[in-house]
Amino acid sequence: MEIIPVIDIKCGVVVHAHRGARAGYAPIETPFASSPAPQAVVDGILNALPFTKFYIADLDAIAGHAGNAPIINAIATTHPTVGFWLDAGFQHASAIETFL
């Protein structure tokens, strides 16, 4: 069995997703980081536990708005040995190619 942490990013911060009510998602409060900054949250989780994969949902991109690609790319660059599964609402292969 493998446990994969989920990071939901909205408006540049990690949010606490709850029942799909995205308008009400608030920045996460976690013992892993002192702020909801995505890099801080991922760093904190990895400092505590040796995960090899994360699932990241870019809620802004999924909703059709400007996404959080620079933040997500920075996280992936900082942790090159960690695999990241990304849901950014890609609807066409060309959008994936552009992101990559």
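Two strands count as paired if DSSP finds at least two bridges between them; strands (E, at least two residues) and helices (H or I, at least four) are DSSP runs numbered from the N terminus. This is a predicted model, where local features need pLDDT of at least 70, side-chain atom pairs count only at pLDDT 80 or more, and totals for chains, interfaces and linings use all residues. Residues are numbered from 1 along each chain as its sequence is written, and side-chain values use heavy atoms, leaving out hydrogens and water.

**Exercise 1.** Work out the strand order of the sheet and find its edges.

*Solution.* Start with the order: 5 strands make an open, mixed sheet, running 3-2-1-4-5. Strand 3 (26–27) and strand 5 (83–87) each have a single partner strand, so one side of each has no neighbour in the sheet. Next, look at strands 2 and 3: they run antiparallel, joined by 2 bridges. Here His16 sits opposite Ala26 of strand 3.

**Exercise 2.** Place helix 1 against the sheet and list its buried residues.

*Solution.* Helix 1 lies across strands 1, 2 and 4, at about 170° to strand 1 (axes are lines fitted to C-alpha atoms, for helices over the stretch in contact; angles run from 0 to 180 degrees between N-to-C directions). Now the burial: in helix 1 (residues 38–48), Pro38, Val41, Val42, Gly44, Ile45 and Leu46 are buried (under 20% relative accessible area, 1.4 Å probe, protein chains only). These pack against strand 1 (6–10), strand 2 (13–16), strand 4 (53–58) and helix 3 (69–78).

**Exercise 3.** Trace the contacts of Ile7.

*Solution.* Set aside neighbours within four places in sequence; Ile7 then contacts Val14, Val41, Val42, Ile45, Phe54, Tyr55, Ile56 and Ala57 (contact means heavy atoms within 4.5 Å).

Notes: Buried means under 20% relative accessible area, exposed over 50%, partly exposed in between (1.4 Å probe, protein chains only).
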